[in-house]
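Q: Please take a close look at one buried acidic residue and its surroundings, and then at a few other sites for context. Set out contacts and distances plainly.

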Amino acid sequence: IQTINCQNCGNCTALITNWTAAFGDTLNLTADITDYTGNCIDFQGHNGITFDGSNHLINGTGGGYAIYLINTGGGCDWTTAKNAKIQESSQGVRAENSDNLTLHNLTIDDSNTEGIYISNMNTGEFTNIKIDTCGREGLELSTASGILNINNLTITNAPNAYPALYTSTPSSLTLNITVFNLSKNNEDGYRNNGGSGTMYFNDGYIKDNSDRGMYLIAGGPTYFLNNVTITGSGDQGIYFTGTSNGEIKNCKITNNGDGGSEAGITFLSAVDNYNITNNNITGNAPYDLNIDGTDCEGNLIWNNTFQNNNTMKDDDTDNNWNKTTGGNDWLFFNEPSEGCYDSNKDGICDDASILIPGEGTGEDEMPLFKGEYLTCGINISSDYLMFHNLTCNGTAVNIIKNNVNFNCKGYSLI
């Protein structure tokens with residue numbers, strides 16, 4: 001195992017071609033590369049080699065691939081490319097049939113097509129990847145399988161009508177994306193087309209994309225979203241079809257859509273058994289949550305914050321808008337001034353339910369109470385309706401303004 005220095009595209013590739021660099025070795029770039037033509041670092045189907053750009057620039061003329069893992073002899077397995085600044089290539093990285101691929105600390109700008117294009121890869125690890133202003137997708141994963149972990153991914157400012165991140169027909173892929181930013185792209189932030197697998201999106205932002213935030217076409221994988229902010233999409237925030245048994249939790253899905261038929265979340269067809277909880281889903285136009293298909297069943301929607309039921313739609317008869325422990329926080333109906341009382345202090349509005357518009361039977365039977373309970377010594381400065389008994393040792397209530405109507409409504413104040 002050795003580290004071998006190289007200075008330019010031809011020199012680096014020749015060291016691979018003639019087997020000077022072999023499995024376990026590292027090629028170390030010692031100078032910037034400018035205005036290369038054709039492909040630059042070509043792994044020639046060899047396995048187990050690490051290319052370390054040492055933070056040097058690899059700048060092309062718009063044609064060819066800066067780093068090319070060619071499908072020769074079954075691809076380039078157990079290969080690493082790291083620490084490079086890539087500009088003006090056709091594709092910054094292209095990998096074909098290359099398994100156990102590691103990409104680390106790559107900055108890719110102004111690619112004519114994809115920033116990174118991966119085809120038929122089984123298992124990989126991508127960290128600290130920043131892609132800006134690509135002609136097509138920032139990162140495309142075509143027919144990937146196995147386990148792919150991506151940490152700290154940024155894709156921004158793609159000017160043309162392609163998604164920032166695209167998974168196409170994944171094959172039983174487990175995708176773990178943690179800490180990501182897919183923003184200000186002229187299409188979808190993320191798109192998937194068919195396939196199968198399980199996709200985890202954690203701790204990220206999908207912001208200000210011209211079309212959808214997340215778009216699932218033609219069914220496919222199961223999605224788990226945790227602590228993801230999706231905001232400012234010109235169309236849907238999340239648009240799912242044909243997926244089941246996933247979860248959307250701890251997310252902020254706000255200000256998506258332009259008032260047409262869009263929503264913060266749309267389940268169009270065959271979206272079943274999703275757990276939607278602990279989210280802020282407000283300010284989307286015209287819908288916050290739109291279950292737009294009669295075949296979207298078994299979804300559980302609870303402990304979310306919604307603006308009101310007029311921004312909801314549920315066309316199915318088999319979705320649950322509350323658990324036995326409670327439903328959702330409806331900002332238009334969650335405190336006494338809005339008619340929501342909680343006399344037994346169980347956190348649920350007394351004798352109330354929220355009907356969900358649509359062709360189905362959606363109903364939150366346990367809307368959450370978020371008002372202020374009456375406590376001993378409280379200062380009252382405006383009209384007040386009691387909704388529970390209060391026993392105090394000393395002063396119970398201080399009326400601190402004139403002309404205040406304090407109505408006990410039959411409850412005890414002792």
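The answer below starts with the acidic residue and then turns to a pocket and two further loop residues.

A: The model is a predicted one. Asp 342 sits in the loop that runs between strand 30 (329-330) and strand 31 (354-355). Asp 342 is buried, yet has no salt bridge. The nearest side chain of opposite charge belongs to Lys 345 and is 8.6 Å away, whereas a salt bridge requires a side-chain nitrogen of Lys or Arg within 4 Å of a carboxyl oxygen.

What, then, does the side chain of Asp 342 reach at 3.2 Å? It is the backbone nitrogen of Asp 346. The side chain of Asp 342 also makes a polar contact with the side chain of Tyr 373, at 2.4 Å. Tyr 373 appears again among the residues that Asp 342 touches once those up to four places away in sequence are set aside. The others in that list are Gly 347, Ile 348, Asp 350, Phe 369, Phe 387 and His 388.

The next item is the largest pocket. The space in this pocket comes to about 290 Å³, and its lining consists of 14 residues. Those nearest the centre of the pocket are Pro 336, Ser 337, Ser 382, Asp 383 and Tyr 384. Two elements, strand 33 (378-380) and strand 34 (384-385), give two or more residues to the lining. Strand 33 gives the most, with three residues.

Two other loop residues can be described in the same terms. Ser 98 lies in the loop between strand 8 (91-96) and strand 9 (101-109). Ser 98 counts as buried because its relative accessible area is 0%. A polar atom of the Ser 98 side chain lies 3.0 Å from the backbone nitrogen of Cys 76. Beyond four places in sequence, Ser 98 is in contact with Leu 69, Gly 75, Cys 76, Asp 77, Asn 120, Met 121 and Asn 122. Of these, Met 121 is 23 residues from Ser 98 in sequence, with 5.3 Å between the two C-alpha atoms.

Asn 185 is in the loop between strand 15 (171-183) and strand 16 (190-193). Its relative accessible area is 1%, so Asn 185 is buried. A polar atom of the Asn 185 side chain is 3.1 Å from the backbone oxygen of Ser 183. Residues that Asn 185 touches, again leaving out those up to four places away in sequence, include Ile 155, Thr 156, Asn 157, Ala 158 and Ala 164, along with Asp 208, Asn 209 and Ser 210.

Notes:
Residues numbered from 1 in each chain as written. Predicted model: local features only at pLDDT ≥ 70, side-chain atom pairs only at ≥ 80, totals over all residues. Heavy atoms only, no water. Helix = DSSP H or I, 4+ residues; strand = E, 2+ residues; numbered from the N terminus. Buried < 20%, exposed > 50% of the residue type's maximum accessible area, 1.4 Å probe, protein only. Lys, Arg positive; Asp, Glu negative; His and termini not counted. Polar contact = N/O pair within 3.5 Å; in protein donor to acceptor, adjacent residues only side chain to side chain. Contact = heavy atoms within 4.5 Å. 1 Å grid on protein atoms, 1.4 Å probe; cavity = no way out; pocket = protein on both sides within 12 Å on 5 of 7 lines; lining within 4 Å. Points joined across faces, edges and corners; volume = space filled by probe spheres on them.
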